[in-house]
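Visitor: I should like a close look at a single part of this protein chain, namely its nonpolar interior. Please set that part in the context of the whole chain.

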Amino acid sequence: MGQRKSTPLIGIVLFIAFLVPASVPGICGLCMAGETAHVIRPGVNLRAGASMSATSLRTLDLHQELELLKNGEWCEVIAPGGVRGYVRSDLLARTQAEIHVQEKRLVFFRNGKQAESFDIDLCQDTPPTMGRHCLRFIDNKAEALPGRADLRLALQEKRITYARYLKTLPLVNQCEPTAMDAVAGGFGLVTTEDGCAKGDVIVKKQALDTLRGALPDMARLDVFDSRGDVEKSRDPAWMRRQLTDSMHRQLETPALYTSAACGFVAMPYPMGDVPLDQAVCTDVVIRALRDAGVDLQALMHEDAILHPGRYKRWIKSPNHQIDHRRTRNIRTWLEHHAQALPLDVFMSAEIFRPGDVLIMDTGVSNGTPYDHIGLVSDAAGPDGRPLVFNIWDINMRTRYMNLLEGTYPELVGHYRLGRAIGY
């Protein structure tokens, strides 16, 4: 970001993941190659070898999804960003649960397939909060603890202060039961209406016993408004359509790249933005992602707070006003939360799909090779390669540009976004 020469720039393509528990009753203790699993403990290490003494390549987030390559007591996996390594199989799971509110169903999945489904009721006819929760079993009930989305909503609605938000964020991220007391958004899975609280889910004892026997503590529980929303979340094409539709809308009233937008702009948190008639290259990408349900401002701010080591080269003290508007920081976030894809623009044009995020080096001496970002569009150039949705330089407006010719600028990042619920 910042003023530079009138030269093209590019962005990044996203993909996102989740993880699942392993060595508990009903969950396969040895992972199955060619599929995915999610992490069931916070702070799990991705190691360079199948040993506790092997170097830690990175720390994985709770419920982060991994691609499985080889099975065994140590699973060889691919983490977001394309990093290969090993994780103990007892720290992964392929079992999870979902609640479909409109259908009043609790669905249990094993090895990626629906295993059982149960009827539910809603306490006081009040639905639980949507999104991802961490499930903990306590005595004769289960608690779905608040997720990070619940915490952001409480801040946005001014139910908590920013200081309380910062204090509670690590608790939510670690799936600590005390997070339930700190912020609304969690709910209980109970077997009787007696004493149930608004937002609790009432289940039969058989259903609760099934979950307790099959799911590990800190299991993943996703709440959807309807079965239709579930299907959308699993369809990669849905995310591409949301991003493409946002590009089309933004081009109807294209923003202007201004010197004012280059600098520090005060904005709300979360869901903050610069004035809609202005932008730099990062802003138009942030807006498209937000239209697809991904608030990069909040996600990066939380990531920088929880994992400062990832950003230490560029961020000394996390600032939600500006950090997410720097291409180099977006790249760091994508490396830990997105699918990394080939950079060779001379490969088949089909490796670039609408909505992919591209990051490019424009050759400007600004201390980083990651200085421009854009999205792959659904429009094609004269050579059949997709055009890039971006805003190029001062006094230019949002538009499509032919930036994948392979000569200039240099493509240095290509990422794809997965399911919005994973963020």
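**The nonpolar cores and their surroundings**

Guide: Among contacts between residues at least 6 apart in sequence, 67% join residues at least 24 apart in the protein chain. The model is a predicted one. Its secondary structure comes to 11 helices and 24 strands. For 423 residues a compact globule would have a radius of gyration near 22 Å, and the 22 Å of the protein chain agrees with this. Along the principal axes, the C-alpha atoms fill a box of roughly 65 × 45 × 40 Å. Of the 423 residues, 57% count as buried.

The largest nonpolar core has 38 residues. Those with the most contacts inside this core are Leu-243, Leu-289, Trp-333, Leu-334, Ile-359, Ile-373 and Leu-375. Both helices and strands give two or more residues to the core: helix 6 (236-252), helix 7 (259-262), helix 8 (281-291), helix 9 (296-306) and helix 11 (327-337), together with strand 20 (357-361), strand 21 (372-380) and strand 24 (410-416). Helix 8 gives the most, with six residues. Another core, of 24 residues, lies apart from the largest one and includes Ile-99, Phe-187, Val-201 and Leu-215.

Helix 9 also takes part in the packing of helix 1. In helix 1 (residues 148-156), the buried residues are Asp-150, Leu-151, Arg-152, Ala-154 and Leu-155. These buried residues pack against strand 12 (131-138), helix 2 (162-173) and helix 9. Just after helix 1, Lys-158 takes a positive phi of about 65°. In the loop between helix 2 and helix 3 (179-182) lies Cys-175, a residue other than glycine whose phi is positive, near 60°. Cys-175 counts as buried because its relative accessibility is 1%, the cut-off being under 20%.

Two loops that adjoin contributors to the largest core hold cis peptide bonds. In the loop between helix 7 and strand 18 (278-279) lies Pro-270, and the bond from Tyr-269 to Pro-270 is cis, with omega near -5°. Met-271 has its place in the loop between helix 7 and strand 18 as well; although not a glycine, Met-271 has a positive phi of about 65°. With a relative accessible area of 42%, Met-271 is partly exposed. The bond from Tyr-408 to Pro-409 is cis, with omega near -5°, and Pro-409 is placed in the loop between strand 23 (399-401) and strand 24.

At the surface, the protein chain exposes about 17,300 Å², of which carbon and sulfur atoms supply 50%.

Key. Residues are numbered from 1 along each chain as its sequence is written. This is a predicted model: local features need pLDDT of at least 70, side-chain atom pairs count only at pLDDT 80 or more; totals for chains, interfaces and linings use all residues. Side-chain values use heavy atoms; hydrogens and water are left out. Helices (H or I, at least four residues) and strands (E, at least two) are DSSP runs, numbered from the N terminus. The radius of gyration is taken over C-alpha atoms; the globule rule is 2.2 Å times the number of residues to the power 0.38. Buried means under 20% relative accessible area, exposed over 50%, partly exposed in between (1.4 Å probe, protein chains only). Contact means heavy atoms within 4.5 Å. Accessible areas come from the Shrake-Rupley method with a 1.4 Å probe; for residues, only the protein chains shown count as cover. A nonpolar core is a set of buried Ala, Val, Leu, Ile, Met, Phe, Trp, Tyr and Cys residues joined through side-chain atoms within 4.5 Å.
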